[in-house]
Amino acid sequence: MGAAITNPNPPAPVLWSSADCRLALLRPVREHDAPLIEAFVNGLSPQSRMRRFHTGVKTLPPSWLQWMLHPDPLRDVALLAIAVDGRQPVCVGEARFALGDGPPGEREFALVVADDWQGVGLGSELLRQLGHRAALQGVERLVGDVMRDNLPMIELARRHGYAVRTHRGDPRLLQVARSLGDAPRHGATRAVAHRPGAASAALPAH
Ligand SMILES: CC(C)(COP(=O)(O)OP(=O)(O)OC[C@H]1O[C@@H](n2cnc3c(N)ncnc32)[C@H](O)[C@@H]1OP(=O)(O)O)[C@@H](O)C(=O)NCCC(=O)NCCS
């Protein structure tokens, strides 16, 4: 749907444009991004917030904000999609992967797009960027926990070659997984072991 203008030396920022001419800069999260992230998460609809964090918080707790601002630079990747509203930068998307309780070569991912930016291809580009950056880091597999009723995310994951299977730890969830290096295979299925209690990219580990 959108087109990415990519830098040949990732993880450089990427300028993304949608078919309806929206522009966003996809770049790594920075220390001073707290106001952007807070406004973004607090402005999400209850459904989007629930689907991203799997819990019904109304505002972003300070400890979650700190976790979102400080990905492990050697293992994890956290991206923001930044657009301009008037003269102000606004965050319109967030995507990350992080080491959880799985094997060292596995990362757990999560992403969210601002409600009024959904359906124009930004989620697809963020997921593509996560896969690209994970492959460059030598990550072997990306997995994500998705709420069962979250058809947009399930469909998006399938289109990007993720297999979808039952989540063994939480009946509200499905798990999507993709081995990197595999070409995307629509509708492919792959078994992925779930480790109950694994840290998740959806929320900070406790
Ligand atoms: C899931 C989410 C990230 C998708 O982002 P998006 O920017 O809306 O997705 P895109 O516009 O790139 O859509 C890509 C594909 O997703 C699927 N999709 C998107 N919206 C959909 C919808 N409402 N119903 C069904 N499928 C949908 C389609 O396959 C679409 O393909 P298309 O390009 O042929 O239309 C976004 O809906 C979101 O932020 N949801 C709330 C948070 C969330 O669910 N996070 C996932 C936690 S892991």
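Start with two helices in this predicted model: α1 passes α3 in a right-handed crossing. Select residues 34-43 for α1 and residues 62-69 for α3. The two pack at an angle of about 120°, and their axes lie 10 Å apart. That angle makes α1 oblique to α3, because angles of 65 to 115 degrees count as roughly perpendicular and those over 145 as roughly antiparallel.

Now show the side chains between these helices. Which residues of α1 meet α3? They are Ala34, Ile37 and Glu38. On the α3 side, pick Leu65, Met68 and Leu69. By class, the residues of this contact of α1 with α3 are five nonpolar and one charged, with no polar residue.

Next, move to the strands. Select β3, residues 23-28, together with β4, residues 77-85. β3 and β4 pair in the antiparallel sense, over four bridges. To find the register, click Leu26: Ala81 in β4 stands opposite.

Keep β4 on screen and add β5, residues 88-98. How many bridges join β4 to β5? There are nine, and these two strands run antiparallel. For a marker here, take Ala78, which stands opposite Arg96 in β5. Then follow the chain around the end: β4 and β5 form a hairpin with two residues between them. Stop at Gly86 in that turn and check the backbone; its phi is positive, about 70°.

Last stop: the ligand. Select the shell around the ligand, 24 residues in total. Label the closest ones: Arg51, Gln118, Gly123, Ser124 and Pro152.

Colour the shell by element next. The elements that each give two or more residues are these:

- helices α2 (46-53), α4 (122-136) and α5 (151-159)
- strands β6 (106-113) and β7 (141-147)

Which element gives the most to the shell around the ligand? That is α5, with six residues.

Finally, recolour by residue class. The shell around the ligand has 12 nonpolar residues, eight polar and four charged. Compare that with the helix pair from the opening stop, where the contact of α1 with α3 holds five nonpolar residues and one charged.

Conventions
Residues numbered from 1 in each chain as written. Predicted model: local features only at pLDDT ≥ 70, side-chain atom pairs only at ≥ 80, totals over all residues. Axes fitted to C-alpha atoms, helices over the stretch in contact; angles between N-to-C directions. Parallel < 35°, antiparallel > 145°, perpendicular 65-115°, else oblique. Left-handed = near helix turned anticlockwise from the far one by under 90°. Contact = placed C-beta atoms within 7 Å. Nonpolar A, V, L, I, M, F, W, Y, C, P; charged D, E, K, R; others polar. Near = placed C-beta within 6 Å. Pairing = 2+ DSSP bridges.
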